[in-house]
Amino acid sequence: MIDAGTAPKPATAPPRLNTRFRGFLPVVVDVETGGFDWNRHALLEIAVVPLELDKNGLLIPGVTASAHVVPALGLEIDPKSLEVTGIDIDHPFRDAKPERVALENVFAPVREAVKRHGCQRAILVGHNAHFDLNFLNAAVARSGHKRNPFHPFSVFDTVTLGGLAYGQTVLARAVQAAGFEWNAEEAHSAVYDAERTAQLFCKVVNAWPLPLPGA
């Protein structure tokens with residue numbers, strides 16, 4: 001007879017992302033654009049960071065995917081936006097892709113992550129998230145892309161979360177308040193901003209673990 005004090009404990013199932021956010025996979029997205037109007041201004045860069053869980057059930061950034069985008073015909077680019085982002089549209093090494101190809105370059109790894117985690121679809125995480133979502137949805141509509149993995153209107157916004165957790169709504173200040181470094185010279189790159197936003201989101205979410213079933 002096995003003593004109750006020495007009986008082996010049942011193995012704890014590893015945490016799964018498909019139960020953390022009601023079947024949604026959070027994916028951080030950042031876009032750089034030629035202005036603020038998603039119907040009038042061009043999409044120029046996009047980066048995505050699907051999120052993962054470590055062995056302790058904590059949220060961590062996954063592998064970044066990104067693409068430079070050829071401005072779609074008929075759309076405008078405000079020179080003031082280029083001054084902020086530092087994007088050189090005509091740079092010989094920019095390797096920009098047409099919108100449909102650029103979208104697929106970042107959608108494919110997102111779909112793979114959604115499937116791998118057993119989630120229903122991705123949900124966009126962003127800083128001023130509806131700005132990114134609106135540009136994303138406009139590019140999807142223009143290009144006729146049929147395999148958009150993102151929820152069409154729901155988002156997680158780190159402006160709100162940063163304000164709640166740290167009293168800061170500007171990305172740079174919220175990231176620093178969360179204990180991470182911020183390099184102003186690298187900011188306004190889709191990759192850099194997406195990766196810093198991912199760090200911020202993970203830090204806030206990990207401070208609010210869900211209770212275990214039955215607890």
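Contact here means heavy atoms within 4.5 Å. The model is predicted.

**Stop 1: I46.** Select I46 and show its surroundings. Leaving aside neighbours within four places in sequence, I46 is in contact with V29, D30, V31, A65, S66, A67, V69, L103, V106, L136 and A190.

**Stop 2: the largest nonpolar core.** Keep I46 selected and add V27, V29, L51, L59, L124 and F150. Of the 44 residues in this core, these seven touch the most other members. Now colour the elements that each supply at least two core residues: strands 1 (24-33), 2 (43-53), 4 (65-68), 5 (121-126) and 6 (150-157), along with helices 2 (99-116), 3 (129-143) and 6. Helix 2 gives the most, with seven residues.

**Stop 3: the second core.** A separate core holds ten residues, among them A178, W182, Y192 and V204.

**Stop 4: helix 6.** Select residues 190-206. Draw a distance between the end C-alpha atoms: they are 24 Å apart, which agrees with the 24 Å expected for 17 residues at 1.5 Å a residue. Is the helix mostly covered or mostly uncovered? Mostly covered, as twelve of the 17 residues are buried. The buried residues include A190, which is in helix 6 and also in contact with I46. Y192 and V204 of the second core are buried here too.

**Stop 5: T197.** Stay in helix 6 and pick T197. Its relative accessibility is 2%, so T197 counts as buried. Look back along the helix to D193: the backbone oxygen of D193 lies 2.7 Å from a polar atom of the T197 side chain. Which residues does T197 contact, leaving aside neighbours within four places in sequence? Select V28, G126, H127, T158 and L171.

Technical notes:
Residues numbered from 1 in each chain as written. Predicted model: local features only at pLDDT ≥ 70, side-chain atom pairs only at ≥ 80, totals over all residues. Heavy atoms only, no water. Helix = DSSP H or I, 4+ residues; strand = E, 2+ residues; numbered from the N terminus. Buried < 20%, exposed > 50% of the residue type's maximum accessible area, 1.4 Å probe, protein only. Polar contact = N/O pair within 3.5 Å; in protein donor to acceptor, adjacent residues only side chain to side chain. Core = buried A, V, L, I, M, F, W, Y, C linked by side-chain atoms within 4.5 Å. Expected span 1.5 Å × (residues − 1).
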